[in-house]
Amino acid sequence: MKQRILNHTSFLVVMTVLLTFVASSLVMYQKFSVYMKQGIRDEAEYIRVGVEEFGEAYLNKKVGDATSSRITLTDSEGNVLFDSEADAAQLPNHSNRPEFVQAMKDGFGEKVRYSETLSRQTFYYAVKLENGDILRVAKTTDSVFLTLMSSFTLLGLLMIVILLVEFTLVQKQTKKLIQPVNELDLEHPLDNVCYEELRPLLMRVDQQNRQIAAQVEELKKAEAVRREFSANVSHELKTPLMSISGYAELLMNGMVKQDDVQEFSGRIYHEATRLSNLVADIIQLSRLDEMECDMPFEAVDLYELSEDVVNNLRGPAQKKDITITLTGETVAIRGVRHVLYEMFFNIADNSVRYTEPGGEVKVFVGKRDGKPFYRVEDNGIGIPKSEQKRIFERFYRVDKSHSRQTGGTGLGLSIVKHGASLHHAKINLDSEPGKGTRMEILF
């Protein structure tokens with residue numbers, strides 16, 4: 001940054017000095033040219049007066065040496081009678097010279113042209129004398145240019161001095177400018193904004209800091225959930241495995257009476273089924289957690305799916321003397337069939353599990369305000385208000401002892417929650433202890 005500022009300022013200084021010099025030189029050149037021409041005219045008038053007063057004898061070597069201008073006198077035919085810088089006899093006839101022709105016609109004439117005698121660009125001024133002769137005074141225009149060129153040395157010295165001063169000031173100023181930037185507290189960028197031009201950038205930095213802090217907090221929470229989930233999985237897997245191992249060991253060692261073998265085998269089967277259901281639920285949750293995986297979305301009839309759920313739960317419901325019914329109409333949505341089935345089954349299955357014998361479970365499918373819904377109502381044990389926000393957590397159970405007896409895994413409603421998120425659906429819950437539960441998925 002410092003080098004760029006130095007390069008840019010140096011370029012501006014050099015260009016400014018050069019352009020200023022060129023502009024001033026052009027103005028001075030014009031002024032000097034005007035003054036030089038006027039001086040030649042005045043000088044010609046002085047010499048004319050002398051020649052007309054004293055004759056041709058006035059023009060001699062002393063007069064020529066007294067001025068840097070070239071003095072030439074010709075007769076009316078253009079023959080050179082006198083020249084201060086050349087032998088008049090050797091000079092050609094001047095009758096064709098533009099200034100001579102104009103002077104003969106108008107009494108005076110002037111012209112800037114290349115001089116063959118002096119080999120330079122020259123300004124000529126000619127005036128007609130009383131006797132008809134032509135007096136001409138000339139001066140090279142190079143003298144004006146050389147006067148301007150002589151100032152280049154001063155210009156160079158001036159530019160070096162300016163660049164040195166500019167280098168010193170830029171070094172000092174850039175250090176002064178950059179220091180507050182280097183001292184910025186990026187942890188709290190908006191506490192001390194050194195330059196208002198930096199405020200948008202510092203606001204972005206502050207926003208990113210807050211996003212990073214939020215992400216770190218989310219990662220901590222996710223890690224805590226992961227650890228809790230791992231602990232719960234270990235515990236939930238360990239319990240049925242220990243039961244299976246214990247019952248199998250008793251059977252293996254012949255410590256079970258023949259009459260009790262069937263009961264122990266039944267317990268092993270029950271725990272194995274529970275373990276199988278738990279593993280299946282964990283796999284299902286893992287799939288739902290991977291939102292980037294390709295899920296086979298297709299047209300699904302919710303009423304047809306609900307019929308399958310009710311038919312599969314009719315046996316368990318009859319064992320508990322619970323009436324389960326389905327009411328509604330055909331409603332189709334685009335969704336993942338097996339996920340929707342798991343969601344519907346888990347909600348209805350919970351109602352059957354937590355409804356006392358002789359109770360009733362009602363399943364409804366239809367549309368409300370143009371939105372498809374699936375709803376299950378029961379008159380079971382209900383859920384306390386304080387527990388309703390946590391029932392969708394993994395392995396959370398309102399009544400752990402009852403859950404063990406019913407064979408629940410504690411993951412059913414977590415699957416419902418993740419499935420609803422996958423289908424952009426909303427879960428509505430209305431429950432009261434002793435009066436039952438009403439759970440609805442609104443798509």
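Me: How many aromatic pairs does a search of the whole structure find?
Reply: Happy to start there! Keep in mind that this is a predicted model. A search through the whole structure turns up aromatic pairs, and their number is 4.

Me: Tyr341 and Phe345 form one aromatic pair; is it stacked or edge-to-face?
Reply: A pair of aromatic rings is described by the distance of the centres and the angle of the planes. For Tyr341 and Phe345, the centres are 5.8 Å apart and the planes make 20 degrees. Planes under 30 degrees apart count that way, so the word for this pair is stacked.

Me: By about how much of helix 9 are Tyr341 and Phe345 separated?
Reply: Helix 9 covers residues 337-353, and both residues belong to it. Because Tyr341 and Phe345 are 4 residues apart there, the separation is about one helical turn.

Me: Does Phe345 count as buried, partly exposed or exposed, and which is it at its relative accessibility?
Reply: The relative accessibility of Phe345 is 22%. Buried would need under 20% and exposed over 50%, so Phe345 counts as partly exposed.

Me: What is the centre-to-centre distance in the pair of Phe344 and Tyr374?
Reply: This is another stacked pair, with 5 degrees between the planes. Phe344 and Tyr374 are both buried. From centre to centre, their rings are separated by 3.8 Å.

Me: How many residues apart are Phe344 and Tyr374?
Reply: Follow the chain and you will see that this pair links distant parts of it. Phe344 is in helix 9, while Tyr374 is in strand 10, residues 371-378. Along the chain they are 30 residues apart.

Me: Which residue lies over the face of Tyr124?
Reply: Look 4.1 Å from the ring centre of Tyr124. Elsewhere, Arg368 lies over the face of Phe373, at 5.6 Å from the ring centre. For Tyr124, the residue over the face is Arg113.

Me: Which are the edge strands of the open sheet with the order 2-1-5-4-3?
Reply: This sheet has 5 strands, and the pairing is antiparallel. An edge strand pairs on one side only. In the order 2-1-5-4-3, the edge strands are strand 2 (80-83) and strand 3 (108-115).

Me: What does the twist average from one strand to the next?
Reply: Let us stay with that open sheet of 5 strands. Going from one strand to the next, the twist averages 20 degrees.

Me: How many bridges join strand 1 to strand 5?
Reply: Strands of a sheet pair through backbone hydrogen bonds, either parallel or antiparallel. Strand 1 (residues 70-74) and strand 5 (residues 134-140) run antiparallel. The number of bridges joining them is 5.

Me: Which residue is the bridge partner of Thr74 in strand 5?
Reply: Thr74 is found in strand 1 and is buried, with a relative accessible area of 3%. Its contacts beyond four places in sequence include His94, Phe100 and Asp133. In strand 5, its bridge partner is Ile134.

Me: How far apart in space are Thr72 and Ala126, C-alpha to C-alpha?
Reply: Thr72 is also a residue of strand 1, and its relative accessible area of 1% makes it buried. In sequence, Thr72 and Ala126 are 54 residues apart. In space, C-alpha to C-alpha, the distance is 9.0 Å.

Me: At about what angle does helix 3 run to strand 3?
Reply: Helix 3 takes in residues 98-106. It lies across strand 1, strand 3, strand 4 and strand 5. Its angle to strand 3 is about 175 degrees.

Conventions:
Residues numbered from 1 in each chain as written. Predicted model: local features only at pLDDT ≥ 70, side-chain atom pairs only at ≥ 80, totals over all residues. Heavy atoms only, no water. Phe/Tyr/Trp six-rings, centres within 6.5 Å; stacked < 30°, edge-to-face > 60°. Helix = DSSP H or I, 4+ residues; strand = E, 2+ residues; numbered from the N terminus. Buried < 20%, exposed > 50% of the residue type's maximum accessible area, 1.4 Å probe, protein only. Lys NZ or Arg CZ within 6 Å of the ring centre and 35° of its normal. Pairing = 2+ DSSP bridges. Axes fitted to C-alpha atoms, helices over the stretch in contact; angles between N-to-C directions. Contact = heavy atoms within 4.5 Å.
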